[in-house]
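Hi,

Here is the structure I promised to pass on. Have a look at it first, and then read my notes underneath.

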Amino acid sequence: MKLDGKIGFLGGGRMAEALIKGILQAGLVENSKVVAIDPDQKRRDFLQKTFSVSTGKSHAQLSECAIIILAVKPQIMGRLLEECASWLTSKHLVISIAAGIPLSFIESRLQHGCRIIRVMPNTPALVLEGASALSPGKSATAEDVETAGQIFSAIGKSIVLPETYLDGVTGLSGSGPAYVFHFIDALIEGGVKVGLSRQDAELLVLQTILGSVKLAMETGMHPAVLKAMVTSPGGTTIAGLHELEKAGFKAGIMTAVEAATKRSEELGKLVG
Ligand SMILES: NC(=O)c1ccc[n+]([C@@H]2O[C@H](COP(=O)([O-])OP(=O)(O)OC[C@H]3O[C@@H](n4cnc5c(N)ncnc54)[C@H](OP(=O)(O)O)[C@@H]3O)[C@@H](O)[C@H]2O)c1
């Protein structure tokens, strides 16, 4: 289903690019109905050339858009909201993807009754395989949540959660790609340790990860069951798994998610 009206981006960086690519590819809007505002001429030229969308420098150019996506770095969000407060009203659906910026921060800086949704996406959105959690603000309607869900489903998968869970989401799927890349790097070095070339190890590891994720998703089987299927009694895999557990692998990952969540809470308090 197509989105009603125009969609505007405040900030035309990497995440905006991923979103523009996703919504156009999914056919949610036509190119002529997308506007991206960015101070950088090169960025504007790139977006215009790549996606045939409109671009500009002035924020107020977005006043005619039905949906406004705030896609600037968190540190300039305060200034940006101040600049937009005069024309951003409850007729716009405002979607913020700025990490760690609470809904209350945005709501308190915009006009009363503004419809806002906060979203925490992650970097695989850049290849349209992101994982995003959406939290509606006080005045956002069920229809707004549905619209935002359509947009973020165009760049991967999305779920709706109360904002209180967003620090946990940040620690889990926000930071998650880094944990996965750390694991991939370690697995490749394991291959190198047992004598494989780095190139061969990388190919085998990346395909192993991709295939395992696909197997879990396509069968819908629990990872513990899939693990048991590879782990024959007295075999090689159980010997490897035993070493991982001696090194505190599972507890280490759980603690990492917990630590990242706490850090997100701390950073949110500094902003909010
Ligand atoms: N990347 C991710 O995976 C990820 C994941 C979750 C959340 N996020 C959030 O997504 C947001 C965008 O991240 P990103 O990676 O896309 O950052 P980015 O590539 O730096 O994009 C931000 C863009 O906004 C532009 N900009 C700066 N000031 C502006 C203004 N006043 N008005 C309009 N545009 C302005 C920047 O231009 P200049 O470079 O010229 O300043 C830049 O092109 C951030 O808040 C981040 O926390 C990102």
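Below is what I found in it, going from the whole chain down to single residues.

First of all, please keep in mind that this is a predicted model. The protein has eleven helices and eight strands, and its C-alpha trace spans about 70 × 40 × 30 Å along the principal axes. Of its 272 residues, 33% count as buried. If you take the contacts between residues at least 6 apart in sequence, 67% of them join residues at least 24 apart.

On to the domains. The domain assignment splits the protein into domain 1 (7-166) and domain 2 (174-268). Their C-alpha centres are 33 Å apart. Seven residues from domain 1 and six residues from domain 2 make up the contact. On the domain 1 side, the residues touching domain 2 are four nonpolar and three polar, with no charged ones.

The strand I spent most time on is E7, residues 130-136. What does E7 have on either side? Strand E6 (residues 115-120) pairs with E7 in the antiparallel sense, over four bridges. In that pairing, Met120 sits opposite Ala133 of E7. Strand E8 (residues 156-160) runs parallel to E7, and five bridges join the two. To get from E7 to E8, the chain passes through helix H5 (residues 142-153), and this β-α-β crossover is right-handed. Two of the partners are easy to look up: Gly130 is bridged to Gly156 in E8, and Leu134 has Val160 as its bridge partner there.

Is E7 buried or exposed? Seven of its seven residues are buried, so the strand is largely enclosed by the rest of the structure. You can see this on both faces: Gly130, Ser132, Leu134 and Pro136 point one way, Ala131, Ala133 and Ser135 point the other way, and all are buried. For the count behind that word, a residue is buried if 20 or more other C-beta atoms lie within 10 Å of its own.

Pro39 is a good contrast to look at next. You will find Pro39 in the loop between strand E2 (34-37) and helix H2 (41-51). Pro39 counts as exposed because it has 10 other C-beta atoms within 10 Å, and the cut-off for exposed is 12 or fewer. The C-alpha atoms of Pro39 and Gly11 are separated by 8.0 Å, although these residues are 28 apart along the chain.

Gly11 also turns up around the ligand. Which residues come nearest to the ligand? Of the 25 residues around it, they are Gly11, Gly13, Met15, Ala98 and Ala99. Helix H1 (residues 14-25) gives the most to this shell, with three residues. By class, the shell divides into 14 nonpolar, six polar and five charged residues.

That's the tour; shout if you want to go through any part of it together.

Cheers

Note on methods. Residues numbered from 1 in each chain as written. Predicted model: local features only at pLDDT ≥ 70, side-chain atom pairs only at ≥ 80, totals over all residues. Pairing = 2+ DSSP bridges. Right-handed = clockwise from strand over helix to strand, strands pointing away. Near = placed C-beta within 6 Å. Nonpolar A, V, L, I, M, F, W, Y, C, P; charged D, E, K, R; others polar. Domains from an automatic or database assignment. Contact = placed C-beta atoms within 7 Å.
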